[in-house]
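I have a new structure open today and want to get to know it from the outside in. These are my notes on what I looked up.

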Amino acid sequence: MSDVLVIAIDGPSGSGKSSVARGVARALGLAYLDTGAMYRAATWWCRDRGLDLDDGPAVTRAVAQMDLVLGLDPTAPTVRVSGVDVGEAIRRPEISAAVSKIATNLDVRADLVARQQALVDAERRGGFSTGRGVVAEGRDITTVVAPEADVRLLLTASAATRVARRAKEVHGDDSTEAMAATHDQVLRRDSDDSTVVEFHQAAPGVVTVDSTDLDLPQTIGAVLDLVTQGTGRRATGPQA
């Protein structure tokens, strides 16, 4: 078996993909690729240029010109567009509300998938991980970006759990008001994105991990156990 390890994780909003993928990457000494950040960066880029996000051809042309650089260190991932650090800006509510318009543009998806595949290939040869590999997470990683990954997982959780998690992330608590404010962001985006990619049901060969009743360390541990079972690779570093 190759020493290079590629782990692909898909799942809906609020399932914990980013936190789990980062923890797994830290534990295994791998790079971390947040593909969702690429769609968010493209949204920021187009909005910054005053584009109508419903103008598909204009958006496609703009994204093709976007100079996007991702830092793949799981302890401190970065996102830069034309030299500008947009790591915080792409997490703002207005970006979350608009990103599905970018993510459902099939020409943009083709562009960004090609960039994602290039990043995965770069980590196979060297990159941040010096050739150890990468944990990539998103919505079509197991089926489109890295269908030949060594480990392919669908991370899911109940809708109520996912909304509560996002409410805590965005608003700091899961009160009734915070849950109501977050509900549309999570479930509407899933509904929109599901028109172009399937991420609610595991494809053949993809293992489902349901984190509804698991906290973050438990979920990371469950994924690491599956990695060990499938590849023999064991954690060598901290998960947090």
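My entries start with the whole chain and then move to single strands, helices and residues.

**Ground rules**

I am working with a predicted model, where local features need pLDDT of at least 70, side-chain atom pairs count only at pLDDT 80 or more, and totals for chains, interfaces and linings use all residues. Residues are numbered from 1 along each chain as its sequence is written, and side-chain values use heavy atoms, with hydrogens and water left out.

**The whole chain**

I looked up the secondary structure and found nine helices and eight strands. Helices (H or I, at least four residues) and strands (E, at least two) are DSSP runs, numbered from the N terminus.

Next came the overall dimensions. The C-alpha trace spans about 50 × 45 × 30 Å along its principal axes. The radius of gyration is 17 Å, which agrees with the value near 18 Å for a compact globule of 240 residues. That radius is taken over C-alpha atoms, and the globule rule is 2.2 Å times the number of residues to the power 0.38.

Then I checked burial: 50% of the 240 residues count as buried. Buried means under 20% relative accessible area, exposed over 50%, and partly exposed in between (1.4 Å probe, protein chains only).

I also looked at contacts, meaning heavy atoms within 4.5 Å. Among those between residues at least 6 apart in sequence, 76% join residues at least 24 apart.

For charges, I noted 26 positive and 33 negative side chains, with the centres of the two sets 3 Å apart. Lys and Arg count as positive and Asp and Glu as negative, while His and the chain ends are not counted. The place of a charge is NZ of Lys, CZ of Arg, CG of Asp or CD of Glu.

**Strand S6**

How many residues of strand S6 (residues 133-138) are buried? Six of the six are, so the strand is largely enclosed by the rest of the structure. Both faces are covered: Gly-133, Val-135 and Glu-137 are buried on one side, and Val-134, Ala-136 and Gly-138 on the other.

I then looked for its partners, given that two strands pair if DSSP finds at least two bridges between them. Strand S1 (residues 5-10) runs parallel to S6 and is joined to it by six bridges; there, Val-6 stands opposite Val-134. Strand S2 (residues 31-34) is also parallel to S6, with four bridges, and Asp-34 stands opposite Glu-137.

**The three-strand sheet**

Elsewhere in my notes is an open sheet with the order S3-S4-S5 and antiparallel pairing. Strand S3 (68-71) and S5 are at the edges with a single partner strand each, so one side of each has no neighbour in the sheet. S4 and S5 are paired over two bridges, and Val-81 has Val-84 in S5 as its bridge partner.

**Ser-82 and Thr-130**

Ser-82 sits in the loop between strand S4 (78-81) and strand S5 (84-85). I noted it as partly exposed, at a relative accessible area of 39%. Leaving aside neighbours within four places in sequence, Ser-82 contacts Trp-45 and Asp-67.

Its backbone caught my eye, with phi near 50 degrees, a positive value in a residue other than glycine. Most residues other than glycine have a negative phi. Thr-130 also has a positive phi, of about 50 degrees, and is not a glycine. Thr-130 lies in the loop between H5 and S6 and is exposed, with a relative accessible area of 58%.

**Helices H3 and H4**

Ala-62 belongs to helix H3 and counts as buried at 9% relative accessibility. Its contacts, not counting neighbours within four places in sequence, are Trp-45, Cys-46 and Leu-51.

In helix H4 (residues 93-103), the buried residues include Ile-95, Val-99 and Ile-102. What covers the buried residues of H4? I found helix H2 (35-48), helix H3 (56-64), helix H5 (106-125) and helix H8 (176-193) among the cover.

**Last entry: Ser-211**

Is Ser-211 buried or exposed? Ser-211 counts as buried, at 1% relative accessibility. Its place is the loop between strand S8 (207-210) and helix H9 (216-231). Beyond residues up to four places away in sequence, Ser-211 touches Ser-15, Leu-155, Thr-156, Ala-157, Arg-165 and Thr-219.
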